[in-house]
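Biologist: I would like to take a close look at a single part of this protein and then see how that part fits with the rest. Could you take me through it slowly, one step after another?

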Amino acid sequence: MANSDIIGAGQDTARRAPKKILDACCGGRMFWWNKSNPDVWFTDCRSVPKGAFANNWNPNWCVTPDEIVDFRNMPYQSNSFNMVVFDPPHLTSGSMKSVINKKYGLLNKQTWKQDVVDGFTECWRVLAVHGVLIFKWNEANIKAKELIREFPVEPLFGDFTGKTGATIWMTFFKTEESPVLGEESPAQNTVEICHTAPNSGRDAMPLTLWNDDK
Ligand SMILES: C[S@@+](CC[C@H](N)C(=O)[O-])C[C@H]1O[C@@H](n2cnc3c(N)ncnc32)[C@H](O)[C@@H]1O
């Protein structure tokens with residue numbers, strides 16, 4: 001089956017891409033030059049109003065996605081966005097009272113790897129042929145290599161940045177020959193690609209996101 005033959009994971013319900021670019025977990029849109037870029041569809045699994053931090057610190061930070069979406073199970077057709085940006089939470093420990101975890105979310109200690117791999121796989125599914133996927137990761141808790149070997153495709157290139165050199169930005173490119181839904185990945189064969197159809201009955205997100213009791 002060619003990439004261009006795919007209609008969508010949930011063929012009855014999947015929608016066309018609303019914009020050319022998808023930010024699959026936009027958070028506070030901090031790395032965007034234009035936080036209201038009209039070409040970008042911003043999604044996240046939560047909304048957070050302004051004023052989340054004590055003493056009016058960072059008063060304008062907020063999470064206001066265009067749509068609430070779980071990146072492991074997206075309602076969009078396959079091959080529909082020209083670019084997808086994927087910057088999931090990267091920490092598995094700490095308190096949700098800390099500023100960094102409030103801003104970025106925490107991974108679930110038990111399911112983090114499957115959650116991120118599922119998210120990447122969905123980003124790959126909705127990415128158009130000849131589209132670019134940007135994946136950002138920080139190695140504070142987990143080495144990037146541990147994840148990349150589980151992804152259905154390998155990056156074109158990537159490099160470390162940031163004050164501590166622990167943040168890596170990676171670039172992936174989808175071709176006609178890239179792995180597609182329902183077919184085994186020729187690269188690593190470790191991820192089943194077609195498993196996140198909308199309304200598949202999966203449990204709600206297990207990720208810890210915004211819980212002041214923790
Ligand atoms: C590292 S932050 C993104 C920061 C963002 N790139 C920025 O520039 O501000 C990760 C985001 O992933 C979101 N997230 C966590 N689990 C998610 C899921 N299952 N589906 C969608 N978004 C999720 C969190 O709510 C959080 O806002």
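Modeller: Let us begin with strand β6, which is hardly covered, since the count of buried residues among its 5 residues is 0. Please keep in mind throughout that this is a predicted model.

The place of β6 in the sheet comes next. In this protein, 7 strands form an open sheet, and their order is β3-β2-β1-β4-β5-β7-β6, with mixed pairing. Strands β3 (67-68) and β6 (157-161) stand at the edges, and each has a single partner strand, so one side of each is left without a neighbour in the sheet. As general background, the strands of a sheet pair through backbone hydrogen bonds, and they may do so either parallel or antiparallel.

For β6, the partner is strand β7 (residues 167-173), and the two pair in the antiparallel sense over 5 bridges. One pair of residues that you can look for is D159 and W169, where W169 belongs to β7 and stands opposite D159. The two strands form a hairpin with 5 residues between them, and in the turn you will find G162, whose phi is positive at about 90 degrees.

At the other edge, β3 is joined by 2 bridges to strand β2 (residues 40-44), and these two strands run parallel. Here the bridge partner of T43 is E67, which lies in β3.

A useful contrast to β6 is helix α2, where 12 of the 15 residues are buried, so this helix is largely enclosed by the rest of the structure. Among the buried residues of α2 are W112, F120, W124 and V126, and the buried residues of the helix pack against β1 (21-23), β4 (81-86), β5 (127-138) and α3 (144-148). The length of α2 can be checked as well: at 1.5 Å a residue, its 15 residues (112-126) should span 21 Å, and because its end C-alpha atoms are 21 Å apart, the two values agree.

For an exposed position outside the strands and helices, consider K97, which is found in the loop between β4 and α1 (99-104). K97 counts as exposed because it has 12 C-beta neighbours inside 10 Å. K97 and F53 are 44 residues apart in sequence, yet from C-alpha to C-alpha they are 9.6 Å apart in space.

Stepping back to the whole chain, we find 3 helices and 7 strands, which follow the pattern β-β-β-β-α-α-β-α-β-β when read along the sequence. Of its 214 residues, 34% count as buried. Among the contacts with a separation of 6 or more, 69% are accounted for by residues 24 or more positions apart.

There is also a ligand, which is surrounded by 22 residues, and the closest of these are C25, G27, M30, C45 and G105. By class, the shell around the ligand has 13 nonpolar, 3 polar and 6 charged residues.

Finally, a word on confidence in the prediction. The chain averages a pLDDT of 82, and 79% of the residues score at least 70. Over residues 1-11, however, the pLDDT is below 50, although this stretch has 31 contacts in the model beyond near neighbours in sequence. The pLDDT also stays under 50 over residues 182-214, for which the model has 71 contacts beyond four places in sequence.

Notes
Residues numbered from 1 in each chain as written. Predicted model: local features only at pLDDT ≥ 70, side-chain atom pairs only at ≥ 80, totals over all residues. Helix = DSSP H or I, 4+ residues; strand = E, 2+ residues; numbered from the N terminus. Buried ≥ 20, exposed ≤ 12 C-beta atoms within 10 Å, placed from the backbone. Contact = placed C-beta atoms within 7 Å. Expected span 1.5 Å × (residues − 1). Pairing = 2+ DSSP bridges. Near = placed C-beta within 6 Å. Nonpolar A, V, L, I, M, F, W, Y, C, P; charged D, E, K, R; others polar. pLDDT = per-residue confidence, 0-100.
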